[in-house]
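Please walk through the structure shown here, with attention to how its chains are arranged and how they meet the DNA.

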Protein chains: 2
Amino acid sequence: MVTIKDVAQEAGVSVATVSRVLNDNGYVGSETREKVMKAITKLKYSPNEVARSLYKRESRLIGLLLPDITNPFFPQLARGVEDEVNRAGYRLLLGNSDESIQKELDYIQTFAQNNVVGMISATNYLDHELYEALALPLVLLDRTSEDYPAVYADGREGGRIAAKALVEKGAKRITVMKGPSHIKPAQDRFRGAIEYLSQEEVDFSVMSTTSYSFEDARGWAEELFDKYADTDAVIASNDIVGIAILHEALRLGKQIPEDVQIIGYDDIPQSSLSYPTLSTIRQPAYEMGKQAAKLLINIIRKEQEVERSIQLPVELIERNTTRKG
Amino acid sequence: MVTIKDVAQEAGVSVATVSRVLNDNGYVGSETREKVMKAITKLKYSPNEVARSLYKRESRLIGLLLPDITNPFFPQLARGVEDEVNRAGYRLLLGNSDESIQKELDYIQTFAQNNVVGMISATNYLDHELYEALALPLVLLDRTSEDYPAVYADGREGGRIAAKALVEKGAKRITVMKGPSHIKPAQDRFRGAIEYLSQEEVDFSVMSTTSYSFEDARGWAEELFDKYADTDAVIASNDIVGIAILHEALRLGKQIPEDVQIIGYDDIPQSSLSYPTLSTIRQPAYEMGKQAAKLLINIIRKEQEVERSIQLPVELIERNTTRKG
DNA sequence: CCTTTATGTGTAACCGGTTACACATAAAGT
DNA sequence: ACTTTATGTGTAACCGGTTACACATAAAGG
């Protein structure tokens, strides 16, 4: 391994001077700078981040904690975070917590042990005490909080928009699927939908679900048409479930959107690849990731006028599981 | 920040003793161990990984380099890697290289600068010189190589199986989609399909594509039916493209699988959520990730009898875009 | 009883950077 | 000509761990 000492020796200067050249601070004579640069190139020197991180007590790493990257909503979020974080010269330590508080705590600890400059968390549980003890800049993603800055989409409005669209498109017997109760954003969109429907002249029923996963989605779909066979519109808890419902409806010989209208939530990329293409409420996942990263970096850099939290707008994407006009 | 010194002081011993307790090596008296443990608990001490990493010249991080986590094939891979890597006490530094060699090089450099113990790369380009200069344990994933251990699925066999299935199911005018030429596994499966078809009594045509992305998938689908309107079976370059083709075929009023049979590749989770559900060649993505991580860890630990490379089997998943029997 | 050997603990060097501080010299100000 | 001030460079302390080595004591062996 080539160290700063080797470079110093090669250039015939001290390590301090090499360091000054590397970081472009302090005074360095122009010929000296030249010599050092040449030595760096010659030896293919690349400074060790770990040593720097130890002294500075701060690495150039940012921790990203997700529930599960395997859920199609998260890769986009993650990319948004990564792209923005890279722009500022940081790199990502990634962790999936599943639904395990233990894993979450373990990751938070690792992040801290590695001197990360900050972290972004999109997990559902949130152990306040530990996060507090941390004293690490933290931004929450896809989640609201009183205590920490957060970036999220307007779930309540999303639920409302979905409900409004279905009512306007003539739905009479709407079924609203309620997502897992420990997932906050799931509850927000559910609440938005219920609020809207309650003030309208329509019948609606609520079906509770306890997970978002691919594996269970088909089960929810079957249960839905079993329990509410005559429903003519469904507000799905997310796109995965929405596509499963669509699939099941077709299997039962229903016409989409004539017999049943369906609105998903998230607008994951594959929603536009279903058949018929799924109408949905779009959450700007990539943008949310970017904003969260930006916010975190501003906090890290102690910029003035840092927003406390950022709410991004949602949007109805009308595709082919809802009627036209 | 609580350091080992604080613990030493609190326990009334030297830092060396605390270190011995932490790492459970060297001699430590049982009462002394007790005292140290108590101090650790009391101060909520958590050793700094960076300091350890500097002295040991080795962190507990592993670098994972992917083309793009946003491509639905990769989240599963990543989870496989992460889960296995965690079991062994390591954590992941994640990077997406897109198609950029520069980004790839940058990430490799960062990995090295952070003293990662090893790296797993699933990227398409591979700058041999740099990887060589690295002297970092490296395992390639979803990719073969003469020079490095690799974990991959049997693409050629996959292509063959897909072609065989279609021929057996009565396809007469098969269109084979050729994936981007810089993506090695895409070429393998293509080659497998062509090899099989060449020895059979069927007509087939080849359509070249230059990307795998969602955004372009629809375009390829349109082009396909434009150029080869009378094709009765398609071997898609991957599931995304397969689903887009399915979608387009339905839009054109074709019956699936009666008029057109379609076989995808990868078996990404959402393939079972399409309508009709997509027949495909399954690559065990999660398992591939796990195996790659296992292999890397074995190399790191300098275990004996480490396999050079691991080829995993692919499997035909018959769903509803191919005819029965 | 004396020498080994095993056990327990502390001191200090080390990992590879960064930076405070000392020192030297040149340029600028009075 | 003499003090400031700006510029350039090196020495060594420091970051928070790990470990080689020294040293002390107790147990075991002859």
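**Two copies about an axis**

Among the residues of chain B, L93(B) comes closest to the rotation axis, its C-alpha lying at 2.3 Å. The model in which this axis is found is a predicted one. In general, two copies of a chain are related by a rotation about an axis and a shift along it. Here a turn of 180°, with a shift of 0.0 Å along the axis, lays chain B on chain A with an RMSD of 0.1 Å, and that is the relation of a two-fold axis. The interface agrees between the copies: 100% of the interface residues of chain B are also interface residues in chain A, so the copies meet through the same surface.

**The sheet and its helices**

How are the strands ordered across the sheet? The sheet is open and has 12 strands with mixed pairing, in the order β11(A)-β5(A)-β4(A)-β3(A)-β1(A)-β2(A)-β2(B)-β1(B)-β3(B)-β4(B)-β5(B)-β11(B). At its edges stand β11 (310-312) of chain A and β11 (310-312) of chain B, each of which has a single partner strand, so that one side of each is left without a neighbour in the sheet. From one strand to the next, the twist averages 20°.

At the chain A edge, β5 (residues 150-153) pairs with β11(A) in the parallel sense, over three bridges, and I310(A) in β11(A) is the bridge partner of V151(A). Helix α12 (residues 285-300) of chain A packs on the sheet, where it touches β1 (61-66), β3 (118-121), β4 (138-141), β5 and β11 of chain A, and its direction makes about 165° with that of β4(A). In chain B, helix α12 (residues 285-300) lies across β1 (61-66), β3 (118-121), β4 (138-141), β5 (150-153) and β11 of that chain, running at about 165° to β4(B).

**The surface near DNA strand C**

Around DNA strand C there are 29 residues, of which I4(A), S19(A), R20(B), G29(B) and T32(B) come nearest. The residues of this surface divide into 14 nonpolar, 10 polar and five charged. Of the atoms of DNA strand C within 4 Å of the protein, 65% belong to sugar or phosphate, while the rest belong to bases.

Individual polar contacts give further detail. A polar side-chain atom of T32(B) lies 2.3 Å from a phosphate oxygen of the strand, a polar backbone atom of G29(B) is 2.5 Å from a phosphate oxygen, and a polar backbone atom of A51(A) is 3.3 Å from a base nitrogen. The elements that give two or more residues to this surface are α2 (15-23) and α4 (49-56) of chain A together with α2 (15-23) and α4 (49-56) of chain B.

How values were computed
Residues numbered from 1 in each chain as written. Chains lettered and ligands numbered in written order. Predicted model: local features only at pLDDT ≥ 70, side-chain atom pairs only at ≥ 80, totals over all residues. Heavy atoms only, no water. Pairing = 2+ DSSP bridges. Helix = DSSP H or I, 4+ residues; strand = E, 2+ residues; numbered from the N terminus. Axes fitted to C-alpha atoms, helices over the stretch in contact; angles between N-to-C directions. Contact = heavy atoms within 4.5 Å. Near = heavy atom within 4 Å. Polar contact = N/O pair within 3.5 Å; in protein donor to acceptor, adjacent residues only side chain to side chain. Nonpolar A, V, L, I, M, F, W, Y, C, P; charged D, E, K, R; others polar. Least-squares fit on C-alpha atoms with pLDDT ≥ 70 in both.
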